[in-house]
Amino acid sequence: MDEIRKRFIQGFIILIAILYIGRLFYLQVIDETYKLDAQNNAIRKIVQVPFRGLIYDRNKKLIVYNTPVYDLYITPKKAHVQDTLKFCRLFDITRSEFDSLTHLARIYSPVRPSLFLRQLSKEEYARVQDAMVDYPGFSFQISSLRTYQSKGMANALGYVGEISPERLLKEQEKGNEYYRQGDYVGVTGLERFYEDELRGQRGEKYVMVNSRGVEKGPFKNGEFDREPVAGKNLISSVDIALQDFADSLMQHKVGSVVAIEPSSGEILAMVSAPTYDPSKLSGRTFSKYFQTLNLDPLHPLINRPPSAYYRPGSTFKLIQALIGLQLGVISPSTGFGHAGVPMKCHCGGTSSSIQLGIKNSCNPYFYNVFKRIIYNNKEQNLFKKSAVGLQRWNDMASKFGIGQELGIDLPNETKGKLPSVEYYDKVYKGPLRWKFSNIYSVGIGEGEIVINPLKMANVAAIIANRGWYVRPHLVKGINEAGNIDNKYKEHISVGIDRRHFEPVIEGMVGAVNAGTVAAEARLSDIQICGKTGTSQNKHGQDHAIFIAFAPRENPKIAIAVFIENAGFGGTHSAPIASLCIEKYLKGKVERKAMETRWMNKSYLANVLSAKSASAKPNKEVKATVEKDSTIEDYQLRNLKEELFKLDQANKPKAPVFKIPMQPQAVLPKNQKIVPKKTH
Ligand SMILES: [Zn+2]
């Protein structure tokens, strides 16, 4: 027994020895890369950051590029600053910032250069250059800064910033080992959505250094070096001239403008107001400016077109008309009066056709259309009839993208909401407990329908195309035009026959020429087809909505304009849409006085007073909400909860790093940054 044990132990030892020798052989003879690590003291890896891809507009105008900037590095052991205050003044930092930056650098390594200050401009660099002879141990390295041609597209473009620890962890969990602390990544907008395309691949260079850290030339003649690969360029679908123009019209207002080329789904302009100066979120002013923006009650950091939430109001009547026609429950010449309808209307009494119903935006007309849609089935029981009707209506309206994501190439697109049978069963605490008379406000775009401006611009594009759309997108090419995901080329049908669109479009023409739209929104030589909407708002003026396309035949532009707390859509949003259409189709605006007037118009006082009204605790509302006695109460609570959730989800998180992280430029391969403990 003992003998067996002895043999076993001997065998085990021999096995271990063989493994060791094998590994040693492998490490010393075969694996060259390990050699790089083993000789860490003598070989330094220098990471070369690639140039981030550029972004052009649809006419090849450069809108985002890189400007060279200078990063300041410190080598603590060599650094010597006699007059610290003078140094701080020179670089515009505080004494405590100076102390913490030098402290961090010392923790990282006393002998290796650490990043001290990021992104000094050419001017700043020129200003401090002469003084640097007094500060041994400090040196500059050139890098680049994201630079924006115009302010108008800040939210859609997004910004780049240092990768957050959460994002770093998330990427690593996904198996993406590319990123390291201190890396710059796209945080929002296109910069984030197209991060993989834009960022490129970093390069590596190995140099030999002596014991004092002085470079002695390339390691093995650069055999292990890898050149950085620049990021790919994006060709945006945006017309930057139209974008800037729409942005200037949205000054002093809160809301959105979204313009789409109907035939391609390419977004021509996407304005979120108020906007911000993207150049201030790029570089050293980031932290300070971000905090200011984050605290702004008007939420300039939320990209409203794909993320804000509104009720569509009367613009939704267009979808109702199309569903009614497709189901055959109305014909173009169906008329309805006001009798017996629990809704107000100012149209004058009767709308004798679908054209007139749309032209006048007649509420009773669409109450009746919706009633026919819901009750158009063989069920006898009204509750059952309502459930069957609503389900089919929900299926048909979903095809317009309502309650769905359209799949735009941006992060944070919201689905919105389209009520379903399941939803009302929940509200009424059981099936077959609600019927048409409980839900009719949905028929005119009120109640619990929630949309965003992008969706409604797409609805205008669907009508312009007479029944189909291409998923709206902001990038029409990667490196070259047309090189995009096939999902942005596919024609998606909404399931309504082409012939049903003409009577609806006729109504939109009527609305613009002699209906609910302000006269100044007409263009003498271009037919605009439009629909107004007024989105109800408990605490202040209604939100003004207008959606349109032009010209009537071969439409080139579909547009949605939303202005918060402005009032009636035909009066306040239609003129802005009209000016944008003129600018895009004619390349210039002839109505100069009108342009100036709308640029200067402000609704900010309305917005702020509505905000303060909604912030006040309202005991009456609270009491009824808790009981959920009516659908209105439920809606209010549900909407508030939902809006709060959306609000939270869309709020960009404050950056965690205030102090620049240690550079990766001097990290050896596979070595993680683990700060030494100090006592
Ligand atoms: Zn009416």
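Me: Is Arg 466 buried, exposed or partly exposed, and why?
Reply: Arg 466 counts as partly exposed because it has 18 C-beta neighbours inside 10 Å; by definition a residue is buried if 20 or more other C-beta atoms lie within 10 Å of its own, exposed if 12 or fewer, and partly exposed in between, with C-beta atoms placed from the backbone. This is a predicted model, in which local features need pLDDT of at least 70 and side-chain atom pairs count only at pLDDT 80 or more, while totals for chains, interfaces and linings use all residues. Residues are numbered from 1 along each chain as its sequence is written.

Me: Where does Arg 466 lie, and what is its phi?
Reply: Arg 466 lies in the loop between helix 19 and strand 13 (468–469), where helices (H or I, at least four residues) and strands (E, at least two) are DSSP runs numbered from the N terminus. Its phi is near 55 degrees, a positive value in a residue other than glycine.

Me: And Asn 554, what's its phi, and why is it classed as buried or exposed?
Reply: Phi of Asn 554 is near 50 degrees, again positive in a residue other than glycine. Asn 554 counts as exposed because it has 8 C-beta neighbours inside 10 Å, and its place is in the loop between strand 18 and strand 19.

Me: Which proline is found in the loop between strand 18 and strand 19?
Reply: Pro 551 is found there, between strand 18 (543–550) and strand 19 (557–563), and the peptide bond leading to Pro 551 from Ala 550 is cis, with omega near -15 degrees. The bond from Ala 273 to Pro 274 is also cis, with omega near 0 degrees, and Pro 274 lies in the loop between strand 12 (266–273) and helix 11 (286–295).

Me: Changing topic, which residues touch the most other members of the largest nonpolar core?
Reply: Among its 128 residues, they are Val 257, Ala 259, Ala 457, Ala 460, Ile 559 and Cys 580; such a core is a set of buried Ala, Val, Leu, Ile, Met, Phe, Trp, Tyr and Cys residues joined through C-beta atoms within 7 Å. Helix 19 (residues 453–464) supplies the largest share of this core, nine residues.

Me: What about the sheet in the order 1-8-9, which strands are at its edges?
Reply: This open sheet of three strands is antiparallel, and its edge strands are strand 1 (43–48) and strand 9 (215–218), each pairing on one side only, where two strands pair if DSSP finds at least two bridges between them. Strand 1 and strand 8 (residues 203–209) pair over six bridges.
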